[in-house]
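Visitor: I am new to this structure. Could you walk me through it?
Guide: Gladly! Have a look at it here, then ask away.

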Amino acid sequence: MNYLDKLNPSQREAAMHLNGPLLIFAGAGSGKTRVLTYRVARLIEQGVDPYHIIAITFTNKAAKEMRERISNITPLGEQVWVSTFHAACTRILRREIDSGFSIYDTSDTLRLLKECIKEKNLSDTHYPPRHVAQIISAQKNELITPGEYERLVAGSFREGNVAEIYALYQKRLRESNALDFDDIIFRTVELLSHNEEIRLKYQNRFRYVLVDEYQDTNHAQYELVRLLSGYAQNLCVVGDDDQSIYGWRGADIANILRFEKDYPGAKVVKLEQNYRSSKVILDAANAVISLNEERADKLLWTENERGTPIRLYTARDERDEGYFVTQMIAKGVANGARFGDFAVLYRTNSQSRAVEDQLVTSGIPYRIFSGVRFYEHMEVKDILAYLKAINNPADEIAHLRIINVPRRGIGLASLDKIKFFAAESGLTFSQAISRAAEIDGLGKKSASVVQFAAYLDECAEFAAENSVSELMQKILNDTDYMLTIKDGTPEGEEREANIKELLAKATAFENESEDTSLAKFLEDVALVADIDNYNEDADAAALMTLHSAKGLEFDTVFLVGFEEYLFPTSRAIDSGNHKDMEEERRLCYVGFTRAKKILYLTHSIIRRRFDHIARNKTSRFLDDVPEDCIASVNMYGNERTTRPFPRNAGLEVGEGISGAGLPPALAALAKPSEKPPIINATAPPMGFSQLKQLASGQKIARTPAPRPVPTKASPPDYSVGDKVRDPKYGVGEVIDISPAGADYEVTIQFPAAGRKKFMAGWAKLSSMEAQSKRKTEESEE
DNA sequence: GAATAAATTGTTTTT
DNA sequence: CAATTTATTC
């Protein structure tokens, strides 16, 4: 194969390397993927069985791209195992330990953690679940077990409690036969380091290990790589310390910087020629990144032309900022560009809204890769929870999620009783609900609980004989789920569309995947990110976070919100930790180097933040861009000649918006942006008939639990003027008693708590006057 | 007791 | 300003 002349000398040097450790420093746009794929092709050409090669990436998207490119060069490439860290580990764990475990995502994790904190009788204000989750995650990334953590923090009361929560959390995960994202790596490392037989098996299998984005590995992943490649030492890692942007997730830049120490005799190749960006863009990016201290010495250069100076636009507000973006895209497209040539990048997902609104009104096609991710939609999680509960009966979080979806009249109080029963009898949650009849105080409710348990059993049997999509369809039919999410609002329509999309995904999975089991489907679903669906062929502008944009390139990039407290974030500014700021700086470097031809930086004079209006200075990174690389532009994108671009003082406000001076086609687009569309609160009940139609054709298998009928309460045994006791508020005086439906509403004046209203049938009020007469309290229930 | 309406609170980035 | 916790209503 004559591919070597497609590589420059450094690239060739890396691609030709066969055995022993290899470190490739690959700057942005330096042809990293090309080198990796050619190297794999060459390994195969030199007689290495593709069966012995594994390539590990961070995202499915990167894995997919590499798989395709390898297969394009050599047909044998299809046999190479190309996978993400998490998918590879999941595969190993399923094969070696257990095939049925659940994978808990962030929200599952949080829910379980809340349970644990509650069970420990700790307050979640003093131990905020998010914060505790982060601490636990950090420990797992460092391969620190609960026991080790406990010893580490010995003597500290607070952290001691966190250690106990960590231990309980792990116990509960085990009982639920579930792993969180961090466990997937941790458990694989444990498996490989403790079990020599299995370790040798995989070391023998993976004689050639390639790792992409090595600068983003955390300690657990570092250990994993070390274990996998430990025998043959044919480890090739590719990375760029300047693009390490996942420090908050435990990524340790030191891993790549100390590679030569870890793997003595390692060959080091630096790819410093950039094929992507213009000189101007690269100069700016270099200027910004050079101010970081913790980095390997290198300098990216290019033979590309100098190009158009970076455009800086000062917007009035975020709407003007979004409007400017749409104008520039429209102008570009009018001059022959494709919508897909443009990307809008931002620091936080919340910034997407303003841009999105303007794109919608101007009719520019766009795709957004952020915000609520598909699998995090409530309705999608509900259906997936059914699948998870069926796939893994021990999965408590999945059961908790759906036990009252659709409404079965099982609320918090009933759940507490079930949990108490389970804990007392040493049963798992799913075992407990099958025996709900034995639970004290559940009363009539036990019937619907038992019915729910039986329904899941029925589904499990069904699942054994039928496909995932058929199972999903069955659940949707039986539970009337579509009817529960339709509420006549546009949101309801969206939920319905999401469910249909989920069904479509299941069908696609059955057609495409080799292993079509329910477990595999759930695994695929748990390990995908929105960005994985990025499709270069779609001709639409792309909106995404800077983080998501890593690895991508676009002709024109808009980096919006280039302001202090947004980018860099207030957190990085306030923390005062220079490491945080260095990571922001790397993120800026990543953002700049996504652009091939034109880079726009925009900032806004005023910006609505949560509940107030902020006036942010321009980003400090703007000060690091050389003057001759950048030009301030007006709302038409034309360079201002009279004044320098705004620095942190003397900001200029965009001169407002009009269509004057634009070609007719664009002038139409350039109408002053209207006020944000007003959402009609009394929207017609869209899709209702459609849904009814859908539901009517399908047999409903189970009858929904009967809606609890309010029982007629007997009049309270106290009257106006009496003193009564409430368990929460203490003693108070009865002000008023009036009939309300089947019950009576009583108003009580408490000395401390003030005036409160109760429903007599439910309130636990006891009369002080009629203590002795009180005897008919449990007449019902 | 569960469903719903009101109030509050807290916001980076993601496998 | 949205999603979650707390108060109110049935």
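Visitor: Which residues come nearest to DNA strand B?
Guide: Keep in mind that this is a predicted model. There are 30 residues around DNA strand B. Those that come nearest are Arg347, Arg407, Ser414, Ala529 and Arg571.

Visitor: How do the residues of the surface near DNA strand B divide into nonpolar, polar and charged?
Guide: Being near here takes a heavy atom within 4 Å of the strand. Sorted by kind, the residues of that surface are 11 nonpolar, 12 polar and 7 charged.

Visitor: Which helix supplies the largest share of the surface near DNA strand B?
Guide: Two helices, α19 (412–425) and α26 (546–549), each supply at least two residues of this surface. The largest share is 3 residues, and the helix that gives it is α19.

Visitor: What percentage of the atoms of DNA strand B within 4 Å of the protein belong to sugar or phosphate?
Guide: Let's begin with some contacts. A polar backbone atom of phenylalanine 58 is 3.3 Å from a sugar or linking oxygen of DNA strand B, and a backbone N or O atom of glycine 409 lies 3.3 Å from a phosphate oxygen. Counting the strand's atoms within 4 Å of the protein, bases make up the rest, while the part belonging to sugar or phosphate is 52%.

Visitor: How far is a phosphate oxygen of DNA strand B from an N or O atom in the side chain of arginine 571?
Guide: Arg571 is among the residues that come nearest to DNA strand B. From an N or O atom of its side chain to a phosphate oxygen of the strand, the distance is 3.0 Å.

Visitor: Which strands stand at the edges of the open sheet of 7 strands?
Guide: The order of this parallel sheet is β13-β14-β12-β15-β16-β11-β19. An edge strand has a single partner, so one of its sides is left without a neighbour in the sheet. The two strands placed like this are β13 (366–369) and β19 (630–633).

Visitor: Which residue in β15 stands opposite alanine 343?
Guide: Strands β12 (residues 342–346) and β15 (residues 554–559) run parallel and are joined by 4 bridges. Opposite alanine 343, β15 places valine 557.

Visitor: At about what angle to β16 does helix α15 run?
Guide: Helix α15 (residues 318–334) lies across β11, β12, β14 (541–545), β15, β16 and β19. Its direction relative to β16 is about 155°.

Visitor: What phi does glycine 363 take?
Guide: Helix α16 (residues 352–362) has several buried residues, including Val355 and Leu359. Glycine 363 comes just after α16, and its phi is positive, about 75°.

Technical notes: Residues are numbered from 1 along each chain as its sequence is written. Chains are lettered from A and ligands numbered from 1 in the order in which they are written. This is a predicted model: local features need pLDDT of at least 70, side-chain atom pairs count only at pLDDT 80 or more; totals for chains, interfaces and linings use all residues. Side-chain values use heavy atoms; hydrogens and water are left out. A polar contact is a pair of N or O atoms within 3.5 Å; within protein, one must be able to donate a hydrogen and the other to accept it, and residues adjacent in sequence count only if both atoms are side-chain atoms. Ala, Val, Leu, Ile, Met, Phe, Trp, Tyr, Cys and Pro count as nonpolar, Asp, Glu, Lys and Arg as charged, and the others, Gly among them, as polar. Two strands pair if DSSP finds at least two bridges between them. Contact means heavy atoms within 4.5 Å. Axes are lines fitted to C-alpha atoms, for helices over the stretch in contact, and angles run from 0 to 180 degrees between N-to-C directions. Buried means under 20% relative accessible area, exposed over 50%, partly exposed in between (1.4 Å probe, protein chains only).
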